[in-house]
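Please look through the structure below before reading on. Then use this briefing to find your way around it.

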Amino acid sequence: MNRLAVSLVLATGMTVSVSVLAMDKMTKIHERGVLKCGIHPGKAGFATPDAQGRWRGMDVDFCKALAAAVLGDPEKVEFITMSSKTRLTALVTDEIDVLSRTTTFTATRDGLNGVDTTTPWFYDGQAIMVKSSIGVDTAKGLNGATICTYPGTTSEKNINDFFESHNMSYKALIVEGSAEAKAAYLADRCDAITNDASALAANRLGMPNPQAHIILPGLISKEPLGAYVKQGENKWRQIVTWTAMALIAAEELGVTQDNTEDLKISGIPEVKRLLGSEGRIGENFGLKSDWALKAIKAVGNYGEIFERNVGAKTPLKLKRGLNALYSDGGLMYAYPFR
Amino acid sequence: MWQLLYNRKVIDLAVQLLMLIVIVSMVFYFAINAAENMGAAGITTGFEFLFDKAGYDISYSLLDYDPRTDSNLDAWLVGSVNTVVFAILAIILTTAMSLLLALMRLSSNWLLSGLAYTLVEYVRNVPILIHIFVWYAAALALPSVKQAISFGEVVFLSNRGLMLPSLECNYLAWESVSLAAMLCLGGWLVRVKLSSKIWRLAAYFMVLVAAFASIEMISITGAVIVYPELRGFNFQGGMVLPPEFLTLLIAVSSYSAAHGSEVVRGSILAVSKGQTEAAQAMGASTHLIMRKVIIPQALRSIIPPMTSVYINVTKAAALGSVIGFMDIMGTIGGSSLNITGQAIECIMIVMVTYTVLNLCLAFLMGRLNRNVQLKER
């Protein structure tokens with residue numbers, strides 16, 4: 001009985017935040033002078049250290065843009081890597097200010113976990129990859145197959161939903177070690193491997209012969225990935241949301257990393273409002289008037305961020321697809337800056 | 001009244017009571033603190049999620065488990081059964097290998113003792129996770145399912161596991177259980193050797209009926225041996241021992257056996273040399289001395305440290321989730337946690353389950369220990 005009691009004490013003690021001080025998030029960040037950003041420990045194109053040990057990726061760039069908007073300096077970010085199990089708890093316990101870690105927006109997470117969604121940063125979807133040698137060209141041909149699942153969160157549920165709704169049988173192998181999951185797939189322990197399409201593209205790159213694997217057409221799930229904040233911090237949530245909006249709006253309006261200073265003076269009214277030379281948008285959010293300008297100057301507009309990290313010139317070679325601007329047939333659409 | 005304060009028993013009791021109050025109030029403090037903070041943070045707490053549909057597949061399950069219908073509670077049960085089955089098999093293997101290694105190490109044959117020494121030193125000085133990775137890589141290096149190694153077209157070995165034929169009878173579960181119960185009861189009645197002749201006859205009769213009934217049922221419903229057969233993506237029919245399970249079993253039991261063999265060896269060496277010499281003087285053979293003189297005495301000091309080796313074996317089941325063998329940690333502490341987000345509840349369930357399992361194990365080992373202790377009459 002004593003051991004049980006001790007275990008319970010430790011369990012609660014370790015997992016629960018000691019105090020929840022009702023202090024405004026912005027005040028806290030300003031006092032600290034650095035933004036604490038939760039990122040993926042290593043996902044090509046989204047958060048991965050480069051040769052100099054600096055973090056690179058779409059999620060990393062978003063953190064930098066946020067630091068530039070709030071603190072005026074994109075380098076004032078402390079990157080904290082998060083496992084898929086600890087990420088939401090870390091947000092609730094104030095270990096991080098914002099979670100920018102390819103986390104899917106779902107109703108359950110929004111409703112249950114004490115966190116709030118902001119706006120989608122990358123529209124992804126779960127896909128299935130097979131070896132071209134097995135002669136399957138659609139996911140519906142996988143009846144009875146064994147599917148390896150990467151350490152994920154929604155992937156095992158999605159794959160189950162897919163097979164259940166198509167009334168097919170399957171066997172899942174949920175492998176926590178990502179190297180082991182890849183090895184199991186390559187050794188034919190499983191017939192297929194499933195993950196978000198962007199991640200599968202990255203996984204395929206790391207395989208001995210990338211051409212021997214095909215990502216089956218059609219996505220089996222919707223995965224809108226984006227930043228999460230702690231529930232109840234409305235002001236902070238608005239700032240995170242509108243920083244993403246500003247970067248998307250910049251692409252819509254043709255504002256790039258290099259032309260911000262020029263457009264600030266010569267741009268059309270909406271550009272001027274975005275860059276802070278007109279109106280009081282920044283002040284209304286409790287920020288400086290040039291918050292968006294600093295963010296765009298730091299990392300570029302959404303299109304530039306996309307191309308630099310995951311676009312055609314990178315090893316991942318992802319197409320814009322759903323992540324193109326709405327005017328190009330995608331889903332990226334910024335609310336108006338007025 | 002004052003004398004009470006100087007009474008040893010009273011003081012002891014008071015100290016213990018105080019300790020208990022401190023512990024209980026600490027538990028309460030943490031529990032209330034947790035509940036308050038989680039409430040303030042907007043986290044939904046509670047155990048209702050246990051009855052929701054789990055919605056994920058479990059790669060290896062000894063119970064019938066269907067992700068389409070079964071709940072998180074079922075997933076926990078499947079995980080627990082996986083843990084228990086793994087623990088039982090791994091403990092048996094660990095024990096056998098520990099004994100073998102210890103005896104090899106103590107052998108006067110230089111080759112045997114040298115081999116055992118090398119094995120033990122290599123195995124126990126490498127972390128258990130590395131063992132698992134190495135063995136899993138070896139298992140994956142087996143031929144793929146299409147090129148499975150066939151043993152007489154009955155047993156197949158590939159990197160999807162060992163496919164064995166299975167005996168399928170159309171028994172209902174309760175029928176088999178009641179038959180087994182009857183057999184057990186009959187066996188027990190015979191064993192207690194009731195003085196009354198009638199009882200003994202009844203017992204024999206019961207066993208006979210149960211045996212007949214089972215033969216009858218098999219012949220009526222027709223038990224068939226189902227052989228594994230390659231169809232589509234995989235082998236269908238028969239029984240599968242997946243590579244993840246085998247890998248974990250081999251890795252954990254060999255690692256634990258390296259530790260266990262040192263326990264056994266130490267205990268054997270601790271038996272006074274005079275015992276051996278006395279037995280030799282009586283003309284007993286080496287084998288007989290080992291079996292009847294040394295091992296029974298060594299067991300006294302083997303069992304307590306072996307208990308903790310066994311407990312470590314049981315807990316090592318959790319490591320299976322790295323390679324896809326799902327025990328409690330992989331099911332309720334892994335996928336269920338990820339999907340529902342109820343981290344504290346899930347981890348609490350995992351800890352309580354492991355604690356209960358290991359307390360049971362410790363209890364059994366404690367009884368065994370009492371049996372082999374020196375009895376003073």
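This briefing covers cores, a strand, disulfides and salt bridges.

The model is predicted. Its largest nonpolar core has 62 residues. The count of disulfides over all chains is 2, and the count of salt bridges over all chains is 22.

**Nonpolar cores**

- Which residues have the most contacts inside the largest nonpolar core? They are Trp236(A), Leu274(A) and Trp291(A).
- Helix H9 of chain A, residues 234-252, gives this core its largest share, 11 residues.
- A second core of 58 residues is separate from it. Met129(A), Met104(B), Tyr136(B) and Ala317(B) are among its members.
- Leu274(A) has a list of contacts that leaves out residues up to four places away in sequence. Three alanines on that list are Ala246(A), Ala249(A) and Ala250(A). Leu274(A) also touches Leu253(A), Val255(A), Ala292(A), Ile296(A) and Phe337(A).

**Strand S1 of chain A**

- Strand S1 spans residues 35-39 of chain A, and 5 of its 5 residues are buried.
- Which residues cover the two sides of S1(A)? Leu35(A), Cys37(A) and Ile39(A) lie on one side, with Lys36(A) and Gly38(A) on the other. Both faces are covered.
- S1(A) pairs with strand S4 of chain A, residues 77-81. The sense is parallel, and there are 5 bridges.
- In that pairing, Cys37(A) stands opposite Phe79(A) of S4(A).
- S1(A) also runs parallel to strand S5 of chain A, residues 98-104, with 2 bridges joining them.
- Here Gly38(A) sits opposite Leu99(A) in S5(A).

**Disulfide of Cys37(A) and Cys63(A)**

- Cys37(A) from strand S1 returns here, bonded to Cys63(A). Their sulfur atoms are 1.8 Å apart.
- The torsion about this S-S bond is about -50°, so the disulfide is left-handed.
- The bond links distant parts of the chain. Cys37(A) is in S1, while Cys63(A) is in helix H3 of chain A, residues 58-71. The two cysteines are 26 residues apart.
- Are Cys37(A) and Cys63(A) buried or exposed? Both are buried.

**Disulfide of Cys148(A) and Cys190(A)**

- Cys148(A) and Cys190(A) are bonded too, with sulfur atoms 1.9 Å apart.
- The angle about their S-S bond is -80°, and the link is left-handed.
- This pair also joins distant parts of the chain, 42 residues apart. Cys148(A) lies in strand S8 of chain A, residues 145-149. Cys190(A) lies in the loop between helix H7 (178-186) and strand S10 (192-196) of chain A.
- Why does Cys148(A) count as buried? Its relative accessibility is 0%, and the cut-off for buried is under 20%.
- Cys190(A) is buried as well, with a relative accessible area of 0%.
- Numbered in sequence order, the bonded cysteines of chain A pair as 1-2, 3-4.

**Two cysteines of chain B**

- Cys346(B) has 0% relative accessibility, so it counts as buried.
- Cys360(B) has 44% relative accessibility, so it counts as partly exposed.

**Salt bridge in chain A**

- The side chains of Asp50(A) and Arg56(A) form a salt bridge, at 3.0 Å from N to O.
- Asp50(A) is partly exposed, at 22% relative accessible area. Arg56(A) is partly exposed, at 36%.

**Salt bridges between chains A and B**

- Asp57(B) and Lys171(A) meet in a salt bridge, at 3.8 Å from N to O.
- Asp57(B) lies in the loop between helix H2 (8-40) and helix H3 (72-106) of chain B, and Lys171(A) lies in strand S9 of chain A, residues 170-174, so this pair joins two chains.
- Asp57(B) counts as buried at 4% relative accessibility, whereas Lys171(A) counts as partly exposed at 36%.
- Asp191(A) forms a salt bridge with Arg160(B), and their closest N and O atoms are 2.7 Å apart.
- Asp191(A) sits in the loop between H7 and S10 of chain A, and Arg160(B) in the loop between strand S2 (155-158) and strand S3 (161-164) of chain B, so this pair joins two chains.
- Asp191(A) is buried, with 7% relative accessible area. Arg160(B) counts as buried at 3% relative accessibility.

**Salt-bridge network**

- Which residues are linked in a network of salt bridges? They are Lys25(A), Lys28(A), Arg32(A), Asp94(A), Asp97(A) and Lys230(A).

Conventions: Residues are numbered from 1 along each chain as its sequence is written. Chains are lettered from A and ligands numbered from 1 in the order in which they are written. This is a predicted model: local features need pLDDT of at least 70, side-chain atom pairs count only at pLDDT 80 or more; totals for chains, interfaces and linings use all residues. Side-chain values use heavy atoms; hydrogens and water are left out. A nonpolar core is a set of buried Ala, Val, Leu, Ile, Met, Phe, Trp, Tyr and Cys residues joined through side-chain atoms within 4.5 Å. Buried means under 20% relative accessible area, exposed over 50%, partly exposed in between (1.4 Å probe, protein chains only). Helices (H or I, at least four residues) and strands (E, at least two) are DSSP runs, numbered from the N terminus. Contact means heavy atoms within 4.5 Å. Two strands pair if DSSP finds at least two bridges between them. A disulfide is a pair of cysteine sulfur atoms within 2.5 Å. A salt bridge is a side-chain nitrogen of Lys or Arg within 4 Å of a carboxyl oxygen of Asp or Glu.
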